[in-house]
Amino acid sequence: MKNKKSSGIPLGVPTLTQKDFMSDQDVRWCPGCGDYSILAQTRRIMPELGIPQENIVFISGIGCSSRFPYYMNTYGFHTIHGRAPTIASGLKMANPDLSVWVITGDGDALSIGGNHFIHLLRRNFDINVLLFNNQIYGLTKGQYSPTSEQGKNTKSSPFGSLESPFNPISLALAAGATFVARSLDRDPEHLRSIIKYAFEHKGTSFIEIYQNCNIFNDGAFFQYTEKETKADNTVFLEHGEPLVFGKEDEKGIKLNNFQPEVTTVTNDSDELIVHDQYAENTTLANFLARMSDMPEMPHPIGIFRSVQQNCYEDMMTDQIAFAKQQRGEGNLEELLNAGDTWVVE
Amino acid sequence: MRKQVEQIQAATVLFAGDSGDGSQTIGTQMTETSAIVGNDVATLPDYPAEIKAPAGSLAGVSGFQLHFSSETIHTPGDSCDVLVAMNPAALKVNLHKLKDNGILIVNSDNFARKNLRLAGYADNPLEDDTLTKYQVFPVELTTLTRRALEDTDLDMSKRDLCKNFFALGMILWLYNRPMDYTIRWVKTKFSTKNPHLIEPNILALRAGNTYCEATEQFAISYEVKPAEFTPGKYRNIAGNTSTVLGLVAASHQSGLQLVYGSYPITPASDILHGLANYRNFGIVTMQMEDEIAAVGVAIGAAFSGSLGVTGSSGPGLALKSEAINLAMIAELPLVVCNIQRAGPSTGMPTKTEQADLLQMFYGRNGESPVPILAACRPTDCFDTVYEACRIAVKYRTPVIFLSELYIALGAEPWLIPDVDTLPKIEPNFQTEINGFEPYLRDADTLARPWAKPGTPGLEHRIGGLEKSDITGNVSYDAENHEKMVNIRAEKVQRIANEIPPTEVYGAQEGDLLVLGWGGTFGVIRTVVETKFEEGCAIGHVHLRYLNPFPSDLGEVLKRFKQVLIPELNTGHLLQLVRSEYLIEAIGVNKVQGQPFHVYELESKISKYL
């Protein structure tokens, strides 16, 4: 991973610990909620990022996950439903030296804020987005969400929901996201490493986190997170490595007529897909993303895509520098007096 | 033989044609020249929402009305001395605005059967008695322009596009105006992308001018002497440009980077276009995916310690209302420009109206007090938006700046202000760690600290949930909620402490006070001036501060037997004044997408004198 820190952020603040990132507010999620783990991993990894806490800002929308900023002893802004990406964009643009984190959920990012979500990704601000996907509306007490499976029975869909779910990874890739990853609330180590990679990526980093809502959608991801089933239902993506999974890494994934397919690993496994997270072309990433829509395929966990592209805030800063170089630093007196003027004696 | 020149005090010229005919361009040029030679000017562009409605149709007529005078004027004029009609539709739409015996110049080349039919004329009005009460000058504008451009290598359709400059050349002759300023503009305008269009347009301009000089058709020309102005340096400026400069000035004087978030919308887009040019002032313009994102980035910028501004029109304001409410409870500086157009819904995007006032007051959930300021004329946009920025920064609050299409697109001479005389805007960022609390307030203004991210030791969290007094932590406490609602209202109310005393024009007490706000200023002032000079006990107050009202307003209102409130809505300020001051104010209302005419208001006002 390339070091991308801009000069404005002092490097190396080794004395911070996770306690420094705990605010004085009581955490008020339901006992057993997956959000606790995500908060804990975030607090744990923050000291390793090497930036002082005053340069870190958490911006959230509305929903259970969006209470997150209140629990971090950094700058924080709990905004309005779906709009966190817009406020984060303005903040990052106005002060590119800040480390900006958007905390959002499946309803917040993909329903009410769907438009801002895709446009944030296409602008590629250097912002990190953590989407807590629990496939349900928790704060409003259990309606189906845009990632709920079709036919889901909830209070608002007693006869089953009618919509097909969004695949957040596919959506992010389609929107041109430069860093796309998936992790799990119940895999602390992996989650911490992905958060760190996201931070190190220069550009908008998107992480979908499978998060358990133990009240309204308990166990939605257990087959991917629990010991007995995890190995057979997930495939961990490693750049440059073939896609293998299973308790003994005995299964692999190959392409057959443009379809991913599970195969048994043999000594001669040339046919297996080798992961390339740095590919400019999104074909492979798209294949991997769509695997989670196929019941027979494991869900990929890890970094789908990580490519370098210009960031909006840098291009804007360059435009400003260029304009100043071309026209000189703005002079208000001259500006007001520009154009055809005349003097009345 | 030298032709006769007649001195006149003022004139109103209306250029009208298809929306692609360039009426706005030549209208603007005539305005610039008239202002530069020293006249007072007022303009009224009137164009359709469609970029190019079918050629020759009534729906596609675009007009630009210009009033210039050797006296101080406040309006673009009720009726016209000269109408330039490029086709029958333009004639049909605008003829009623031409004074009896007024000058009518028509492009007779366009009065063939097809265009007559499109305009709904059964017979050619140039040939029957439709136009007998006017001085009609049929001119083969297309033919003459083509002839003037014979030696250029422009193709025929491009040549025809120059005919507006032929018409402008004629009008410049008619009012004894120099062509130099227009020639210079043409050279600058086309120099980079279309240098081949410079010569043809200048040729057409000169040909129109020479045509009037040479033909016997035009025997008399007119002269309008310079008006008396306060000494100083002037330029001609439209309201939206004035708004742009006011925002740049506020950014410059406060030392705050301006971040302007916007989504294209008529008639506010010019502000985005204007600001986008000033990157060398460090100005960031962000054209966002929608109106909500546009206000969102402004709020994000405000949180970071920049001057966050968003601009739109009524429909956009409806979408932004939730975010404005967030800035209100988060108590962050934010300026929201609403360049009003005629509504409701999409309404009439290219027509003027003042019907968003109550939306600005009440269009948010919960108790949501937001300061509201309105500009009253094109040049006033500069001062008013600057003041909106000052208040936003000082009180840490969103401020709504109201303009309206009529003044946003209208133009007039502007006495260029001295930068050193602009009011101070001081961000006063919090840096002191000891005793810092996010919602600990200034004793005078009740403003909370502005502690920007990046400042060590001031890490804090804000948001849209109700705040605990002083700490700003989330609170559902009953008493605290009521207290915070009252504090937020009181903070806005305290702005009134620094609003200057209300200026009453005309009688300081007596029979009738005409109370207005926004773009109705010019018409009201014109009528009140006349009536006051006739000896009536009539006064005029025009409000810049709509929320809060000036603290002396109630007392001023009581000095008059009656209060009349003219508005381009069904009575918004009227409702506010009635409920606030419990007086029987009377509304004069017009909701036609058009400004008041002087005669309309005069007849209404006369009834109460």
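Which residue just after H1(B) takes a positive phi? The model is predicted. Work through the exercises with that in mind.

**Exercise 1. Describe helix H1 of chain B and what follows it.**

Solution.
- Start with the length. H1(B) covers residues 23-36, which is 14 residues.
- Check the span. From first C-alpha to last it reaches 20 Å, close to the 20 Å expected at 1.5 Å a residue.
- Check burial. Of the 14 residues of H1(B), 13 are buried, so the helix is largely enclosed by the rest of the structure.
- Take Thr25(B), which sits in this helix. Thr25(B) has 19 C-beta neighbours inside 10 Å, and burial needs 20 or more, so it counts as partly exposed.
- Place Thr25(B) against Leu126(B). They are 101 residues apart in sequence, and their C-alpha atoms are 26 Å apart in space.
- Finish with the residue after the helix. Gly38(B) has the positive phi, about 110°.

**Exercise 2. Decide whether Asn101(B) is buried or exposed, and list its contacts.**

Solution.
- Locate the residue. Asn101(B) belongs to strand S6 of chain B, residues 98-107.
- Count neighbours. There are 9 other C-beta atoms within 10 Å, and the limit for exposed is 12 or fewer, so Asn101(B) is exposed.
- List contacts, leaving aside neighbours within four places in sequence. These are Lys133(B), Tyr134(B) and Gln135(B).
- Add a distance. Asn176(B) is 75 residues away in sequence and 20 Å away in space, C-alpha to C-alpha.

**Exercise 3. Test the length of helix H8 of chain B and find its packing partners.**

Solution.
- H8(B) runs over residues 198-214 and has 17 residues.
- At 1.5 Å a residue the helix should span 24 Å; its end C-alpha atoms are 24 Å apart, so the two values agree.
- Its buried residues include Pro200(B), Leu203(B), Leu205(B), Tyr211(B) and Cys212(B).
- The buried residues pack against H4 (141-148), H5 (156-160), H6 (163-174) and H7 (180-190) of chain B.

**Exercise 4. Characterise the contact between domains 2 and 3 of chain B.**

Solution.
- Set the bounds. The domain assignment places domain 2 at 235-421 and domain 3 at 505-606.
- Their C-alpha centres lie 25 Å apart.
- Domain 2 gives 22 residues to the contact and domain 3 gives 19.
- On the domain 2 side, the elements giving two or more residues are H13 (357-362), S14 (372-374), S15 (398-404) and H15 (405-409) of chain B.
- That side has 15 nonpolar, three polar and four charged residues.

**Exercise 5. Analyse how chain A meets chain B.**

Solution.
- Count both sides. 53 residues of chain A are in contact with 58 residues of chain B.
- Find the main contributor on chain A. H2(A) gives the largest share, eight residues.
- Sort the chain A side by class. It divides into 22 nonpolar, 22 polar and nine charged residues.
- Look at strand pairing. S2(A) pairs with S17(B), residues 461-463, in the parallel sense over three bridges. In S17(B), Gly463(B) is the bridge partner of His78(A).

**Exercise 6. Identify the core residues and trace the contacts of Val259(B).**

Solution.
- The largest nonpolar core has 246 residues.
- Those with the most contacts inside it are Ile59(A), Val259(B), Ile299(B) and Cys389(B).
- Beyond its neighbours within four places in sequence, Val259(B) is in contact with residues of chain A, including Gly90(A), Met93(A) and Ala94(A). Its contacts on chain B include Val284(B), Met286(B) and Leu307(B).
- A second, separate core has six residues, among them Cys33(A), Tyr137(A), Tyr144(A) and Phe216(A).

Methods: Residues are numbered from 1 along each chain as its sequence is written. Chains are lettered from A and ligands numbered from 1 in the order in which they are written. This is a predicted model: local features need pLDDT of at least 70, side-chain atom pairs count only at pLDDT 80 or more; totals for chains, interfaces and linings use all residues. A nonpolar core is a set of buried Ala, Val, Leu, Ile, Met, Phe, Trp, Tyr and Cys residues joined through C-beta atoms within 7 Å. Two residues are in contact if their C-beta atoms, placed from the backbone, lie within 7 Å. Helices (H or I, at least four residues) and strands (E, at least two) are DSSP runs, numbered from the N terminus. The expected span of a helix is 1.5 Å times one less than its number of residues. Domain bounds come from an automatic or database domain assignment. Ala, Val, Leu, Ile, Met, Phe, Trp, Tyr, Cys and Pro count as nonpolar, Asp, Glu, Lys and Arg as charged, and the others, Gly among them, as polar. Two strands pair if DSSP finds at least two bridges between them.
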